[in-house]
2 protein chains.
Amino acid sequence: MAIEPELVKSANEALAMAEGRLEPAAVFEPATVDVAAIRKAQNLSQGRFAERYGLPLSTIRDWEQGRRRPDRAAHLLLRLIEAEPDVVARILSSSE
Amino acid sequence: MAIEPELVKSANEALAMAEGRLEPAAVFEPATVDVAAIRKAQNLSQGRFAERYGLPLSTIRDWEQGRRRPDRAAHLLLRLIEAEPDVVARILSSSE
DNA sequence: CAGAGTGTACGGCAATGCCGTATAGGCGGC
DNA sequence: GCCGCCTATACGGCATTGCCGTACACTCTG
């Protein structure tokens, strides 16, 4: 897994913070979005998910495989898709 | 305005296509989103807009100044913000 | 007039977006 | 058994963006 080293690093930092050996970072960015989970909650394959929301399949793959992390706009969008899939889908189809 | 040359170019291409002098491009990407318009429709400054939707101010600037074009996820998000600002804002504040 | 708020403009690097291809497992049909 | 189809993992690779920082101009207000 490509992101593993980073996760380990983060975990160690969190530990250090908890033990008071390290100041909390100025930027708290969980940035962890489980795209696969959001997608599966809607019973969609990667392909159908991408198609449904007008996103490139390759980009979905990158996110799910942890090769790339969705930027802030994408992150926000994913949260919207998770919370209000119907609304998002509707807006999309309305002028595309 | 920085994007003007591109708009002019697109307009000429469209004209050429209409006159049959040019084949329609394989990729039809309007991709033009007037971020400033969407923002102003909500009477927000760039700063407040960015803050409201959890986006970096610098990124908003880039988009409005035409220096960068929002990618597909951002594009989609902007359309959502335009159509359903309240919904978007609510989802955001709900777990941030 | 100093200072705060807003917006334009742009340098710059790391990182992502997005395309393509190779590989592999599950499944129904012939 | 074999083939084709769907689905998903993995990754090479380049153009483009994301996002940070800084400089400059304008307007309003104390």
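A:Tyr53 touches A:Gln42, A:Ile81, A:Pro85, A:Val88, A:Ala89, A:Leu92 and B:Leu76, leaving aside residues up to four places away in sequence; touching, or contact, means heavy atoms within 4.5 Å. This is a predicted model, where local features need pLDDT of at least 70, side-chain atom pairs count only at pLDDT 80 or more, and totals for chains, interfaces and linings use all residues. Residues are numbered from 1 along each chain as its sequence is written, chains are lettered from A and ligands numbered from 1 in written order, and side-chain values use heavy atoms, with hydrogens and water left out.

A:Tyr53 and B:Tyr53 have the most contacts inside the largest nonpolar core, which has 43 residues. Such a core is a set of buried Ala, Val, Leu, Ile, Met, Phe, Trp, Tyr and Cys residues joined through side-chain atoms within 4.5 Å. Buried here means under 20% relative accessible area (1.4 Å probe, protein chains only).

Over in chain B, helix α6 (residues 85-94) has B:Pro85, B:Val87, B:Val88, B:Ala89, B:Ile91 and B:Leu92 as its buried residues. Their cover includes α5 (72-83) of chain A, plus α3 (46-53) and α5 (72-83) of chain B. Helices are DSSP runs (H or I, at least four residues), numbered from the N terminus.

How do the two chains relate? Chain B can be laid on chain A with an RMSD of 0.0 Å by a turn of 180 degrees and a shift of 0.0 Å along the axis. That's the relation of a two-fold axis. The fit is by least squares on C-alpha atoms of residues with pLDDT of at least 70 in both copies. The copies meet through the same surface, because 100% of the interface residues of chain B are also interface residues in chain A.

Now the DNA. Around strand C there are 18 residues, and A:Asp62, B:Gln46, B:Gln65, B:Arg67 and B:Arg72 come nearest; a residue is near if one of its heavy atoms lies within 4 Å. Helix α4 (residues 57-64) of chain A gives the most to that surface, with 4 residues. For strand D, the largest share, 4 residues, comes from α4 (residues 57-64) of chain B.

Here are some polar contacts (N or O pairs within 3.5 Å):

| Side chain | DNA atom | Distance |
|---|---|---|
| A:Asp62 | base nitrogen, strand C | 2.8 Å |
| B:Gln65 | base nitrogen, strand C | 3.2 Å |
| B:Arg67 | base oxygen, strand C | 2.4 Å |
| A:Arg39 | phosphate oxygen, strand D | 3.2 Å |
| B:Arg68 | base oxygen, strand D | 2.9 Å |

Conventions:
A polar contact is a pair of N or O atoms within 3.5 Å; within protein, one must be able to donate a hydrogen and the other to accept it, and residues adjacent in sequence count only if both atoms are side-chain atoms. Helices (H or I, at least four residues) and strands (E, at least two) are DSSP runs, numbered from the N terminus. Buried means under 20% relative accessible area, exposed over 50%, partly exposed in between (1.4 Å probe, protein chains only).
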